[in-house]
Amino acid sequence: MATILFPKSVVLPIRCTTEGEQPKSINNNNGYSLFGVRPPRPRRIILVRHGESEGNVDESAYTRIADPRIGLTEKGMKEAEECGRNIKKMIDGDGVEDWSVYFYVSPYKRTRQTLQHLATSFHRRRIAGMREEPRLREQDFGNFQDREKMRVEKAVRMLYGRFFYRFPNGESAADVYDRITGFRETLKSDIDVGRFQPPGQRNPNMNLVLVSHGLTLRVFLMRWYKWTVDQYERLNNLGNGKMIVMEKGFGGRYTLLLHHTEKELRQFGLTDEMLIDQEWQKHAKIGELNYDCAMMNSFFTHFDDECTVT
């Protein structure tokens, strides 16, 4: 009779023999469970906006250089390096030895350059990997841009609404939301299967870093936390080379209120309702629903309860 050897990563479905009986774990010779044991979630998801770009200091650059080929200025390179040092300092503060980072990066030149300079703070053994992710690209404003026409379009966008206005031959923030939804599902799948660390070497001290663009990162947060269009439109852009940190809370969900102060988040644009939800995210378990949602309490005006931050 032939012997079948299963690799560490194989998960075997096991049928319960009686109703309600819980399946038992099967282990290979190395002690790794073959029954669907999820790996630990990363400690953080760190969102980084690219450093100062040529387009940030001279909008006419977009009229002669394709947006994906816009690079960083010298100042932008220094901002990226400073961001890398800040990320490493934050992780070092955890006081653990087995930490690592994994990068997702927009394919645009300025984001790739940001990652290259940011990553100089990390030794090779600390970098678990990187992936170029086109869905993290900048909002498409429509190929080569006419400077004066773009100023008019941006003014019209403010009248029409920042989320729904679509640039001619380009995208709206709503279009970006659709592709970020697909990326979010990929990211969640990567987290669930522990794609960042090989079996047998998984630990909770992984830090994911997304290097992208201001609008794209705001839309990512909107999608992750299910913020409304109105809440999105109140958000302020991150500065060049700045980061916002989603950190794993006490129940396993990600919250902005562990790394950031309430004051910082208010400056970013979070309202009372959003802060109440972030406080809930800090303590909630994975899969739990917020049945006392502050957004619902304020949307339905016939409720007596008022949302306040204490």
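This is a walk through a predicted model, going from its sheet to its salt bridges and then to its pockets and cavity.

Let's begin with the sheet. Six strands make up an open sheet, and reading across it gives the order S3-S2-S4-S1-S5-S6, with mixed pairing. At the edges sit S3 and strand S6 (254–255), each of which pairs on one side only. As background, strands of a sheet pair through backbone hydrogen bonds, either parallel or antiparallel.

Both senses of pairing can be found here. On one side of the sheet, S2 and S3 run parallel and are joined by five bridges. If you would like a landmark for this pairing, look for Tyr-102, which stands opposite Gly-129 in S3. To get from S2 to S3 the chain passes through H3, and this β-α-β crossover is right-handed. For the antiparallel sense, turn to strand S5 (residues 243–248) and S6, which pair over two bridges. The landmark there is Glu-247, which stands opposite Thr-255 in S6.

Now for the charged side chains. In general, side chains of opposite charge can pair when their charged atoms come close. The structure holds 22 salt bridges, and three of them are worth a visit.

Start with Asp-94 and Arg-44, whose closest N and O atoms are 2.6 Å apart. Asp-94 is in the loop between helix H2 (74–92) and strand S2 (100–105), while Arg-44 belongs to strand S1 (residues 44–49), so this bridge ties together parts that are 50 residues apart in sequence. How do the two partners compare in accessibility? Asp-94 has a relative accessible area of 24% and is partly exposed, whereas Arg-44, at 2%, is buried. Buried here means under 20% relative accessible area. The pair also has company: Arg-43, Arg-44, Asp-94 and Glu-247 are linked in a network of salt bridges. You have met Glu-247 already, as the residue opposite Thr-255 in S6.

The second stop is the salt bridge between Arg-110 and Glu-138, with 3.9 Å between the closest N and O atoms. Arg-110 lies in helix H3 (residues 109–118) and Glu-138 in the loop between strand S3 (127–132) and helix H4 (147–160), so the pair ties together parts that are 28 residues apart in sequence. Arg-110 is buried, with a relative accessibility of 1%, and Glu-138 is buried at 11%.

The third stop is Glu-132 and Arg-112, where the closest N and O atoms are 2.4 Å apart. This pair links distant parts of the chain, since Glu-132 is in strand S3 and Arg-112 in helix H3, 20 residues apart. Glu-132 is partly exposed at 37% relative accessibility, and Arg-112 is partly exposed at 35%.

Next come the open spaces. The largest pocket holds about 730 Å³ of space. It is lined by 28 residues, and the closest to its centre are Tyr-225, Lys-226, Arg-253, Trp-280 and Gln-281. Which helices supply at least two residues each to this lining? They are helix H5 (173–193), helix H6 (214–225), helix H9 (272–283) and helix H10 (294–299). H9 gives the largest share, with five residues. By class, the lining divides into 13 nonpolar, five polar and ten charged residues.

The second largest pocket has about 540 Å³ of space. Among its 25 lining residues, those closest to the centre are Glu-138, Phe-141, Lys-154, Arg-157 and Asn-237. Glu-138 should look familiar, as the salt-bridge partner of Arg-110. Helix H1 (54–57), H4 and H6 each supply at least two residues of this lining, and the largest share, five residues, comes from H4. Here the division is six nonpolar, eight polar and eleven charged residues.

Our last stop is a closed space. The structure holds one cavity of 30 Å³ or more, and the largest cavity has a volume of about 60 Å³. Residues lining the largest cavity include Pro-39, Pro-40, Arg-41 and Pro-42, together with others such as Ile-191, Phe-196, Arg-202 and Met-206. Six nonpolar, three polar and two charged residues make up the lining of the largest cavity.

Conventions: Residues are numbered from 1 along each chain as its sequence is written. This is a predicted model: local features need pLDDT of at least 70, side-chain atom pairs count only at pLDDT 80 or more; totals for chains, interfaces and linings use all residues. Side-chain values use heavy atoms; hydrogens and water are left out. A salt bridge is a side-chain nitrogen of Lys or Arg within 4 Å of a carboxyl oxygen of Asp or Glu. Helices (H or I, at least four residues) and strands (E, at least two) are DSSP runs, numbered from the N terminus. Buried means under 20% relative accessible area, exposed over 50%, partly exposed in between (1.4 Å probe, protein chains only). Two strands pair if DSSP finds at least two bridges between them. A crossover is right-handed if, with the strands pointing away from the viewer, the path from the first strand over the helix to the second runs clockwise. On a 1 Å grid over the protein atoms alone, a cavity is a set of points where a 1.4 Å probe fits but cannot get out, and a pocket is an open set with protein on both sides within 12 Å along at least five of seven lines; lining residues have an atom within 4 Å of a point. Grid points are joined across faces, edges and corners, and a volume is the space filled by probe spheres set on the points. Ala, Val, Leu, Ile, Met, Phe, Trp, Tyr, Cys and Pro count as nonpolar, Asp, Glu, Lys and Arg as charged, and the others, Gly among them, as polar.
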